[in-house]
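Let's work through a few short exercises together. Have a look at the sequence and the 3D structure first, then try each task before reading its solution.

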Amino acid sequence: MSGRVARTLCTAVLAAVMAASPATAEPADPSPAPAPDAPQSVAGLLKQLQTLYQEAEEAGEIYNGTAEELRKRTAEAKKLDTALAKARTVLDSSRRDAGRLARAQYQGRTDFSVYMRLLLSDDPEHALAQSHVIERAQAGRSATVGRLTGAEKRADSLATRSRAVLDRQQSLARKQKRQRDTVRSRLNEVEGLLASLSDEQLAALSQLEQKNIDKAQDELVASGALSSVRTPSEQGGDAVRYAIEQIGKPYVWGAEGPESFDCSGLTSQAWTAAGRSIPRTSQEQWRQLPKVPVESLRPGDLVIYFPRATHVALYIGDGLVVQAPRPGATVKVSPVASNPLLGAVRPDPGGAPLSTYTLPELPDDASSGSDTGYDAPDE
């Protein structure tokens with residue numbers, strides 16, 4: 001992001017954030033506020049940006065979850081519509097059969113009348129010999145009534161389920177719109193804050209966050225958590241290759257490829273490409289997939305970030321992940337500690353590790369660009 005674009009993007013948000021935050025309300029003390037490029041101010045700006053990004057990403061993941069549920073309900077509705085159409089066809093056929101049975105009764109051609117005629121015949125032995133004919137006729141009549149009753153019940157049940165799914169679809173669509181508006185509002189705040197900053201402030205922010213990332217990564221390495229070297233499963237290796245092939249593509253919230261991604265769109269599609277379906281959102285990936293200790297990471301595992309599991313990246317080995325960081329950034333390679341770690345999950349816990357593994361070659365610019373969604377101004 002160029003300095004000119006960054007300045008154009010965001011002056012309004014800083015004003016909005018500072019107006020909304022009690023900590024930044026106008027002080028009663030008439031003494032001047034600290035200079036905006038003072039270290040403390042830069043740290044405060046960084047914290048505000050990180051908070052806004054987390055809020056935007058959390059809203060985005062909730063939106064993704066609703067979108068996924070809506071897709072499932074839409075697919076369910078289509079299946080129910082097909083089943084209901086078939087049930088109504090069967091019901092119509094059963095009603096025609098029942099109508100023929102009713103007409104036969106009315107015209108005196110019922111099983112009972114046949115039975116009475118046989119009993120009153122001059123040849124009782126013949127009547128007994130024909131009893132199996134009566135039994136079959138009675139069974140056929142009972143089957144006709146049973147089919148009609150069953151078809152009516154099934155059609156009623158499917159119609160009730162179809163109405164419930166339709167109501168749920170409409171409710172989800174309304175919920176999705178509210179969530180989309182929330183995401184857009186959060187992103188507008190981020191853009192506004194960024195646009196309010198000078199080139200010097202943007203550079204200071206980038207340097208400060210990189211310093212924080214380097215410190216967190218050094219501490220993680222020093223703890224021994226990344227000391228083990230493990231090979232991925234075959235599917236894990238495929239997921240890694242897919243993720244690496246996406247490097248350089250832009251982050252777009254709600255996107256799951258092929259031209260752009262958000263964080264969980266990248267990880268879910270990487271594993272889909274590897275032949276394994278996993279949940280769409282980072283929160284569901286954290287909730288549903290088997291957890292593994294960070295010290296047991298192997299390539300292909302997913303690293304989950306922030307207390308509410310609102311960000312996710314794919315581990316590729318050597319203490320590195322591929323991630324779609326934030327709006328304004330592109331898919332890139334980052335240190336595993338580029339965000340506050342929550343934990344890790346393994347999509348294929350039963351997958352046997354490969355005997356040997358070589359990390360696919362990374363593009364020369366795989367790590368270029370900001371992990372944060374904003375860059376220092378172009379020279």
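**Exercise 1.** Which residues in α8 are buried?

*Solution.* Keep in mind that this is a predicted model. Start by finding helix α8, which covers residues 263-273. Next, use the cut-off: a residue is buried if its relative accessible area is under 20%. Going along the helix, you get C263, S264, G265, L266, T267, S268, A270 and W271. That makes eight of the eleven residues, so α8 is largely enclosed by the rest of the structure. Now step just past the end of α8: there G275 takes a positive phi of about 95°.

**Exercise 2.** Work out how β6 pairs with β1 and with β2.

*Solution.* First, locate β6 at residues 341-345. Then take β1, residues 291-292: it runs antiparallel to β6, and two bridges join them. To pin down one of the partners, look at V292, which is bridged to A344 in β6. Now move on to β2, residues 302-305, which also pairs with β6 in the antiparallel sense, this time over four bridges. Here L302 has V345 of β6 as its bridge partner.

**Exercise 3.** Find out how confident the predictor is along the chain.

*Solution.* Begin with the whole chain: the average pLDDT is 76, and 70% of the residues score at least 70. Then hunt for the weak spots. Residues 1-40 have a pLDDT below 50, and this stretch has 65 contacts in the model beyond near neighbours in sequence. Residues 375-379 are also below 50, with 15 such contacts in the model.

Technical notes:
Residues numbered from 1 in each chain as written. Predicted model: local features only at pLDDT ≥ 70, side-chain atom pairs only at ≥ 80, totals over all residues. Heavy atoms only, no water. pLDDT = per-residue confidence, 0-100. Contact = heavy atoms within 4.5 Å. Pairing = 2+ DSSP bridges. Buried < 20%, exposed > 50% of the residue type's maximum accessible area, 1.4 Å probe, protein only.
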